[in-house]
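Biologist: I would like to learn how to read a sheet and the empty spaces in a model such as this one. Where do we begin?

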Amino acid sequence: MTRSSLKGRRIRLGMVGGGEGAYIGGIHRFAARLDNQFELVAGAFDVNAQRGHAFAAQNFVAADRSYDDYQAMIAAESLRKDGVDVVAICTPNFTHYPIARACLEAGIDVICEKPLTATLADAEALAEVVARSGRFLGVTYTYAGYPLIAEARQRVAAGLIGSVRTVQVEYPLEWMATGIEQQNNQQAAWRVDPAKNGRGGSIGDIGTHAYHLAGYVTGLKAEGVAADLATFVPGRALDDNAHVMIRYQGGARGLLWSSQVAIGCSNGIRLRVFGETGSLMWFQEQPNELLYTPLEGTTQIVKRGRNELDELTRARTRTPPGHPEGYIEAFACLYAGFAEALRARDEQREPQAAGVYVPDVYDGLKGVAFVDAVVDSHEQNSAWIRPLYS
Ligand code: NAD
């Protein structure tokens, strides 16, 4: 299919999943609207077609572009002159691969939820399809969208804290501290099923966010992981708590904790990077502040919105300092980045600041390889395992 130019118009978005009662699809819809770059024109919003059509009607998606399933959407949209340019995949992990593959092979770009796939074989196959098709696949590693995370990345790259010695990253949640999957919780039910979630429980669901964040900010690549997984809630087939030691190429060390049972931690993602001459710390529940401490110096609070911050940071900022920005804005920065990446490709130019370092299929592949290595390590009594991709 030959796509029409993106110049002078919004990018036409289709969505799979994200229907009534679903979680992340709604966040995608907010994020896609914030910078006026996308319009949602089509969807297969629910595994139950009737529920999907009702949802489409409530959300002003034309009835003839609300589809029974993603196959019907791809087939029909491919025939339209004004067909979708990109599809957002907001479904459980095991469905990402067939949906993404079908889109890419039909010439449609993809924005895919993390983890990229439920198995490493699927992730490898998808990376191969992206390379072969020349299409774009962006992965919504949410925390890469925060402006002060871009600032931290730029400061580490500029050598402000010297060579990184150790990275401490944690992603604790509390919502699965009891067996809510046995009480009809839609989100929890598929997350505890290895066939739907993949081999890693908390480590696949949120550990992949933490792993990406640590690598994104430091630029470090893992050469080994040693993991201890635990399942605290009876009846679960997957871990709900993970402790992982990481050895990075070049000698830096990392420690990653992901947990779904950490009572009191609503969404407590925290990153601390310690280098030879300073450190950086960021906590996502206070996302408008980054702490920077130089060696033997006073801790400084770096505030979002200030003009002296890096160009990348400013490109991910919408309001002046003092007006808090948060989760939706960060997610929108990912969408703005994807839009810029798509437009740059369309216009055969380099992307501007908003569109550099956007998480792509290789970041997704690395995340799935990390989960695989972690679970292998745990199964081998915490032996050191080298991730196949890093
Ligand atoms: P959910 O259970 O709330 O929603 C899943 C939706 O997908 C439902 O609407 C369901 O009907 C639909 N669906 C399932 N199979 C489908 C199919 N074949 N065709 C069409 N629709 C289908 O799940 P969720 O919590 O929103 O998670 C969805 C994905 O988003 C997962 O991969 C998860 O890991 C990811 N996620 C990412 C973030 C983030 O911060 N980026 C946060 C939460 C979830």
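Modeller: Begin with a definition: two strands pair if DSSP finds at least two bridges between them. Bear in mind that this is a predicted model.

Biologist: What holds paired strands together in general?

Modeller: Strands of a sheet pair through backbone hydrogen bonds, and the pairing is either parallel or antiparallel. In this structure, 8 strands form an open sheet with mixed pairing.

Biologist: In what order do the strands of the sheet stand?

Modeller: The order is S7-S8-S9-S6-S10-S11-S12-S13. The edges are held by strand S7 (222-230) and strand S13 (300-303); each has a single partner strand, so one side of each has no neighbour in the sheet. From one strand to the next, the twist averages 15 degrees.

Biologist: How many bridges join S12 to S13?

Modeller: Strand S12 (residues 289-294) is joined to S13 by 4 bridges, and the two run antiparallel. For one residue pair to look up, take Tyr292, which stands opposite Gln300 in S13.

Biologist: Which strands does helix H12 lie across?

Modeller: Helix H12 (residues 361-379) lies across S7, strand S8 (241-248) and strand S9 (253-259). Its direction is at about 60 degrees to S7.

Biologist: Now the empty spaces. How does a pocket differ from a cavity?

Modeller: A pocket is an open set of grid points, whereas a cavity is a set where a 1.4 Å probe fits but cannot get out. Here the largest pocket holds about 1,100 Å³ of space.

Biologist: Which residues lie nearest the centre of the largest pocket?

Modeller: Of the 49 residues in its lining, Ala22, Cys90, Thr91, Pro92 and Trp190 lie nearest the centre. Elements that give two or more residues to this lining include strand S1 (11-17), helix H3 (70-79) and helix H9 (202-218). Helix H7 gives the largest share, 4 residues. By class, the lining of the largest pocket has 21 nonpolar, 18 polar and 10 charged residues.

Biologist: Why does the largest pocket lie between domain 1 and domain 2?

Modeller: Because both domain 1 (11-142) and domain 2 (145-323 + 361-379) give residues to its lining.

Biologist: What is the volume of space in the second largest pocket?

Modeller: About 300 Å³ of space lies in the second largest pocket. Its lining has 19 residues, with Gly215, Tyr216, Leu220, Asp363 and Lys366 nearest the centre. H9 and H12 are the elements that give two or more residues to this lining, and the largest share, 5 residues, is from H9. The classes are 9 nonpolar, 6 polar and 4 charged residues.

Biologist: How many cavities of 30 Å³ or more does the structure hold?

Modeller: It holds 3 cavities of that size. The largest cavity has about 70 Å³ of space. Among its 13 lining residues, Thr117, Ala118, Arg199, Val368 and Val371 lie nearest the centre. H12 supplies the largest share of this lining, 3 residues. Domain 1 (11-142) and domain 2 (145-323 + 361-379) both give residues to the lining of the largest cavity, so it lies between them.

Biologist: Which residues line the second largest cavity?

Modeller: The residues lining the second largest cavity include Ala144, Gly145, Tyr216, Arg316 and Cys333. About 50 Å³ of space lies in this cavity, and its lining has 9 nonpolar, 1 polar and 1 charged residues.

Notes
Residues are numbered from 1 along each chain as its sequence is written. This is a predicted model: local features need pLDDT of at least 70, side-chain atom pairs count only at pLDDT 80 or more; totals for chains, interfaces and linings use all residues. Side-chain values use heavy atoms; hydrogens and water are left out. Axes are lines fitted to C-alpha atoms, for helices over the stretch in contact, and angles run from 0 to 180 degrees between N-to-C directions. Contact means heavy atoms within 4.5 Å. On a 1 Å grid over the protein atoms alone, a cavity is a set of points where a 1.4 Å probe fits but cannot get out, and a pocket is an open set with protein on both sides within 12 Å along at least five of seven lines; lining residues have an atom within 4 Å of a point. Grid points are joined across faces, edges and corners, and a volume is the space filled by probe spheres set on the points. Ala, Val, Leu, Ile, Met, Phe, Trp, Tyr, Cys and Pro count as nonpolar, Asp, Glu, Lys and Arg as charged, and the others, Gly among them, as polar. Domain bounds come from an automatic or database domain assignment.
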